[in-house]
Amino acid sequence: MSCVASIRARFTAPGAAPFELEVEVGLERGETLVVLGPSGSGKTLLLESIAGFHAHGGYVHVHDDDVTRWPPDARGLGYVFQDYALFPHLTVEENVRFGIHYRHSDVDVDALLRRLGVAHLRRRYPPTLSGGEQQRVALARALAVRPRLLLLDEPLASLDRPAKEALRHDLRALLEGVSAILVTHDRDEARMLGDRLAVVRDGHLVQTGTVDAVFDTPADEFVAAFLGYARLPATVLPAGGSNGAAVLCLRPEAISIVADDAGRVAARVHHVVREGAQYRVSLDVDDVAIDVVAAQAPAPGERVGLTWSDADGHWLNERA
Amino acid sequence: MPVVTTGRRGLRAAAFTAFLVLQLVVFWACVAAGRPTLYALFMPLSAAAVALLGRRGAFQVIAAALGGVLLIGLALPVLLFVSRQDPGLVAQKAADPDVHHALYLAVYAPLLAALVSTGLGTPLALCLRQPFPGRALVESLVDLPLVIPHSVAGLMVLFAFGKGGAFPGMTMLGTITGMVIAMVFVSAPYAINAARQAFDAIPPRLERAARVHGARPLATFVRVLLPLARRHIVIGGVLAWARAVSEFGAVAIVSYSVRMFYPFTGQTVTAQHAPVLVYNTFISEGLPQSGAVGLLLLGVSAAIFLIVRWLTGGRSTGSLL
């Protein structure tokens, strides 16, 4: 891998339990690595350690340079902070130009501002901008230095829905060909933006691989749950765990709701939530709660059957 | 909607002005009648009356009345001190070259002290942002001058830098150098603490954003930290200046009178720091004469105070420290 970060560190803060971070991630040139994990799993600390803000007992390689001992300003990075971190005393354009001469970047700032849709804001000051606009400026500032590795910390998390969807769409194009590590807790973002995926939990790596590999074959029930899989323990399945496996994982859209007696298992509808053109149906299979995405909404309380194709099922050997 | 708000604001400002004018009129009437006691009663009662008129409830009315009592303690000395000075004596003192020298010195030496406190205090404040072993000790040292009796501070400065001290070549007694060092000793905490607060108020991620995009520590300081902290650093400097202007104890011990160059006449003169001159006049000439000098010094202090208020955008200086 051309960029590798192996971070081992212990973080202490007054009044909080010490936090252990032990994660190794890597990506090839031009790839986007998404680090996916719940809040508090150490994603931000990982990025900050890669950027050189924390001492740690690991190593960081950026395009085969060992930058572990280099100060943050020498690492050739771009960084998009979750809450923008724009310089409030500089205009939008001054913010974007901030790092250019340190890096001898030949980037066309005007084109970059236009590409991000903030060219008309160039003389404004960040506190007068909306969240979406600020994040676009922050992205422009990070891209303007032509980063060898771009770090993005939950770039969409603090935006409202329209701004988030618009920027997510643009981000895909902007990350094309840029080596980037993006951390998020949003699996849809991960799937849409990532080439490679690393799932972290409590400061430790749980699974890593290409986005498709991780999404298709979650390594354990935590990953499966975090990726949105419906999980059926073997104990509720009539055939039991066929090969001694403990849990069957299915994508919610891979399960069909059929008549009560036509399914592979029986279930009772708990509640139904509209989700775009479809419905997210929450069901109880015995006392196990699962979600299914369906085109039609059954009535709450109704008894139904569930069926699926064996090819869509992914078996795990252990329960969480 | 904004129009309504502006209208209400205008009304409030008018009510406040009216209240202030009423206070001054009543004060003047009480003093003219030779009964300042009446005004001392009027002040807290009028504060309570305003709270009552504003339908603020019993708790607020009591709070306003009690707060008003304390305000008498703060406002009466100012009002009566100013109003009881003999204009003739003030004019006479205002023409006295000794007073000129003192007032010049009272602006000039503290300004030097404030520049030293700010120039060296800002780097110190930068260092104090990160934890390091012994930071608590340094913090204690910074705050120490605030709790040491100022006469003792003067003695300490003499023992440290005077005859037999660290710099044998330096004359402390009766020199501007000694005076400025004594003033730095007592006023530096204000500059350092203001700078510390200014830096603390800057989110760490801004500094990180600068560093990660290529700025070295010095460039980060010049382009990000300093512009964002500048206002508070300047305010800290002005506070240190004001503190040095009002310093009596330490200066009286180190430089009771100093030889200095007075640029307006081009002569080298012997002058005293204004607070020392006030005390000196009080001992040698009496209360009325020292009051007149005091009034002039009060004018200088008030001017500095107004500068601070202006720089802080009308916010109370108390919230700074």
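The exercises below, each with a worked solution, concern a predicted model.

**Exercise 1. Chain A as a whole**

Describe the make-up of chain A: its helices and strands, its span, its buried share and its contacts.

Solution.
- Step 1. Start with the elements: chain A has nine helices and 18 strands.
- Step 2. Take the extent next. The C-alpha trace of chain A spans about 70 × 45 × 40 Å along its principal axes.
- Step 3. Turn to burial. Chain A has 320 residues, and 38% of them are buried.
- Step 4. Look at the contacts in chain A with a separation of 6 or more: 66% of these join residues 24 or more positions apart.

**Exercise 2. The domains**

Into which domains are chain A and chain B divided, and how far apart do the domain centres lie?

Solution.
- Step 1. For chain A, the assignment gives domain 1 (3-224) and domain 2 (231-316).
- Step 2. The C-alpha centres of these two domains of chain A lie 36 Å apart.
- Step 3. Where the domains of chain A meet, five residues of domain 1 are in contact with five residues of domain 2. The domain 1 side of chain A here consists of two nonpolar residues, one polar residue and two charged residues.
- Step 4. Chain B is divided into domain 1 (2-84) and domain 2 (89-320). The C-alpha centres of these domains of chain B are 34 Å apart.

**Exercise 3. A buried strand**

Is strand 3 of chain A enclosed or exposed, and which strands does strand 3 pair with?

Solution.
- Step 1. Strand 3 of chain A covers residues 32-36, and five of the five are buried, so the strand is largely enclosed by the rest of the structure.
- Step 2. Sort the residues by direction. A:Thr32, A:Val34 and A:Leu36 point one way, while A:Leu33 and A:Val35 point the other way. Such alternation between the two faces of the sheet is what a regular strand shows.
- Step 3. Find the partners. Strand 8 (residues 180-184) of chain A pairs with strand 3 of chain A in the parallel sense over five bridges, and A:Leu36 has A:Thr184 as its bridge partner there.
- Step 4. Strand 9 (residues 196-201) of chain A also pairs with strand 3 of chain A in the parallel sense, over four bridges. In this pairing A:Val34 stands opposite A:Leu197.

**Exercise 4. A three-stranded sheet**

Which strands of the open sheet 11-12-18 in chain A stand at the edges?

Solution.
- Step 1. The order of the three strands is 11-12-18, with antiparallel pairing.
- Step 2. Strand 11 (230-233) and strand 18 (314-316) of chain A each have a single partner strand, so both stand at the edges with one side left without a neighbour in the sheet.
- Step 3. On average, neighbouring strands of this sheet are turned by 30° against each other, direction ignored.
- Step 4. Strand 12 (residues 247-250) of chain A is joined to strand 18 of chain A by three bridges. A:Val247 stands opposite A:Leu316 in strand 18 of chain A.

**Exercise 5. The contact between the chains**

How many residues does each chain give to the contact, and which element gives the largest share of the chain B side?

Solution.
- Step 1. Chain A gives 17 residues and chain B gives 13 residues.
- Step 2. On the chain B side, helix 9 (204-212) and helix 10 (217-245) are the elements that give two or more residues.
- Step 3. Helix 9 of chain B supplies the largest share, six residues.
- Step 4. The chain B side divides into seven nonpolar, two polar and four charged residues.
- Step 5. Look at helix 9 of chain B itself: its buried residues are B:Glu207, B:Ala209, B:Ala210, B:Arg211 and B:Val212. Their cover includes helix 1 (43-51) and strand 6 (77-80) of chain A, together with helix 10 of chain B.
- Step 6. Just after helix 9 of chain B, B:Gly214 takes a positive phi of about 115°.

**Exercise 6. A single residue**

Is A:Gln135 buried or exposed?

Solution.
- Step 1. Locate A:Gln135 in helix 5 (residues 131-144) of chain A.
- Step 2. A residue is buried if 20 or more other C-beta atoms lie within 10 Å of its own. A:Gln135 counts as buried because it has 29 C-beta neighbours inside 10 Å.
- Step 3. Beyond four places away in sequence, A:Gln135 touches A:Tyr84, A:Pro155, A:Leu159 and A:Leu167.

Technical notes
Residues are numbered from 1 along each chain as its sequence is written. Chains are lettered from A and ligands numbered from 1 in the order in which they are written. This is a predicted model: local features need pLDDT of at least 70, side-chain atom pairs count only at pLDDT 80 or more; totals for chains, interfaces and linings use all residues. A residue is buried if 20 or more other C-beta atoms lie within 10 Å of its own, exposed if 12 or fewer, and partly exposed in between; C-beta atoms are placed from the backbone. Two residues are in contact if their C-beta atoms, placed from the backbone, lie within 7 Å. Ala, Val, Leu, Ile, Met, Phe, Trp, Tyr, Cys and Pro count as nonpolar, Asp, Glu, Lys and Arg as charged, and the others, Gly among them, as polar. Domain bounds come from an automatic or database domain assignment. Two strands pair if DSSP finds at least two bridges between them. Axes are lines fitted to C-alpha atoms, for helices over the stretch in contact, and angles run from 0 to 180 degrees between N-to-C directions.
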